[in-house]
Amino acid sequence: MAKAVNERPILTIEEGEHAGQRVVIQGENFIIGRGEECDLVLNERQISRQHVRIWRGEQGYFVEDLGSKNGTWVNQEPLKHNHPRLLVDGDRIQLAMTVRLAFTESDATVELSLDAGRLQSRLTLDRDARRVYIGQQEVVPPLSLPQYRLLELLFDAKSRICTREEVIEAVWPEAVGEGVSEQAIDALVRRLRDRLAEVDPHHQYVVTVRGHGFRLDNPS
């Protein structure tokens with residue numbers, strides 16, 4: 001069925017300062033960045049002044065990185081400068097490990113569940129019971145205390161990168177000032193990834209950002 005002329009793609013901000021906001025892509029050349037001249041302005045310092053553009057071609061809508069400083073990913077794959085990628089319904093566009101956008105082909109296919117007040121992350125925590133759920137499935141047996149503390153730190157930070165120093169302070173507060181080896185941190189991250197993969201082997205929730213730290217990739 002052909003798309004109606006007046007139907008326009010939608011970007012839903014899933015992570016970042018404006019999470020829950022929905023934006024209609026207007027025009028043939030839609031610029032996203034920190035600059036006030038952009039069509040979608042994201043006031044986050046990791047975002048470049050003109051970070052990416054979404055434009056309409058014969059095959060559909062494409063996304064192109066505009067030489068951003070901190071990079072762009074589509075479905076966790078790096079988007080190289082001057083290498084546009086055709087977007088399809090449901091694609092996730094990650095900007096600078098800070099903002100994640102969901103691409104929907106037209107307003108007619110956007111579900112009400114994407115409204116800001118009803119967004120639900122895939123991974124959730126029951127803090128009182130110290131339990132972890134992915135969808136409706138609980139991670140069992142429960143995570144160890146260090147694993148849970150690390151996950152809680154990343155969960156509360158949303159898409160923000162947590163440094164190794166923050167990890168030490170949250171996971172081993174008694175060791176602050178004494179030092180914890182990088183090997184111990186990396187081993188803990190691997191164990192947490194393995195535990196989450198027991199429930200959802202198709203998605204990596206804990207992402208290592210080389211030279212910076214770790215962040216949680218928690219889809220809605």
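Helices in this tour are DSSP runs of H or I with at least four residues, strands are runs of E with at least two, and both are numbered from the N terminus. The model on screen is predicted.

**The whole chain**

Begin with the protein chain as a cartoon, coloured by secondary structure, in which there are 3 helices and 16 strands. Of its 220 residues, 44% are buried. Switch to a surface, and the chain exposes about 12,200 Å², with carbon and sulfur atoms supplying 47% of that area. If you draw contacts between residues at least 6 apart in sequence, 47% of them join residues at least 24 apart.

**Two loops with positive phi**

Select Asn-82, which sits in the loop between β8 (77-78) and β9 (85-86). Its phi is positive, at about 65°, although Asn-82 is not a glycine.

Move next to Met-97, in the loop that runs between β10 (92-95) and β11 (99-104). Here too the residue is other than glycine and phi is positive, with a value near 60°. Is Met-97 buried or exposed? With a relative accessibility of 12%, Met-97 counts as buried, since the cut-off for that class is under 20%.

**The approach to the helices**

Select Val-140 and Pro-141 together and show the backbone atoms, where the peptide bond that joins them is cis, with omega near -5°. Pro-141 belongs to the loop between β14 (137-138) and α1, so following the chain onward from this loop leads to that helix.

**Helix α2 and its two sides**

Now select residues 164-171, which form helix α2, and display the side chains of Val-167, Ile-168 and Val-171, which are buried. When you look down the axis of α2, these buried residues fall within an arc of 100°, and they therefore line one face of the helix. As background, an α-helix has 3.6 residues a turn, so residues three or four places apart point the same way. Turn the view to the other side of α2, where Glu-165 and Glu-169 are exposed. For Glu-169, the relative accessible area is 54%, and its C-alpha lies 9.9 Å from that of Leu-150, with the two positions 19 residues apart in sequence numbering.

What covers the buried residues of α2? The cover includes α1 (145-156), α3 (182-199) and β16 (213-216), which are worth adding to the selection at this point.

Stay with Val-171, a residue of α2 that is buried with a relative accessible area of 1%. Leaving aside neighbours within four places in sequence, Val-171 is in contact with Pro-146, Arg-149, Leu-150 and Leu-188. A C-alpha to C-alpha distance drawn from Val-171 to Leu-145 reads 8.2 Å, although these residues are 26 apart in sequence.

**Where α2 meets α3**

Two packed helices are described by the angle between their axes and the distance between the axes. For α2 and α3 the angle is about 75° and the axes are 11 Å apart, which means that α2 is roughly perpendicular to α3. To see the contact, select Arg-164, Val-167, Ile-168 and Val-171 on α2, and Glu-182, Ile-185, Asp-186 and Leu-188 on α3. By class, the residues of this contact of α2 with α3 divide into 5 nonpolar, no polar and 3 charged.

From that set, centre the view on Ile-185, which lies in helix α3 and is buried with a relative accessible area of 1%. Not counting residues up to four places away in sequence, Ile-185 touches Arg-164, Val-167, Ile-168, Trp-172, Val-180 and Phe-214. Between Ile-185 and Leu-150, which are 35 residues apart in sequence, the C-alpha to C-alpha distance is 9.7 Å.

**Where α1 meets α3**

For the last stop, hide α2 and keep α1 and α3, whose axes come within 10 Å and cross at roughly 85°. That crossing angle makes α1 roughly perpendicular to α3. Which residues should be selected to see the contact of α1 with α3? On α1 they are Pro-146, Gln-147, Leu-150 and Leu-151, and on α3 they are Leu-188, Val-189, Arg-191, Leu-192, Arg-195 and Leu-196. Coloured by class, the residues of this contact comprise 7 nonpolar, 1 polar and 2 charged. With these side chains still shown, bring back Val-171 of α2, whose contacts include Pro-146, Leu-150 and Leu-188.

Methods: Residues are numbered from 1 along each chain as its sequence is written. This is a predicted model: local features need pLDDT of at least 70, side-chain atom pairs count only at pLDDT 80 or more; totals for chains, interfaces and linings use all residues. Side-chain values use heavy atoms; hydrogens and water are left out. Buried means under 20% relative accessible area, exposed over 50%, partly exposed in between (1.4 Å probe, protein chains only). The arc is that of the directions from the helix axis to the C-beta atoms. Contact means heavy atoms within 4.5 Å. Accessible areas come from the Shrake-Rupley method with a 1.4 Å probe; for residues, only the protein chains shown count as cover. Axes are lines fitted to C-alpha atoms, for helices over the stretch in contact, and angles run from 0 to 180 degrees between N-to-C directions. Angles under 35 degrees count as roughly parallel, over 145 as roughly antiparallel, 65 to 115 as roughly perpendicular and the rest as oblique. Ala, Val, Leu, Ile, Met, Phe, Trp, Tyr, Cys and Pro count as nonpolar, Asp, Glu, Lys and Arg as charged, and the others, Gly among them, as polar.
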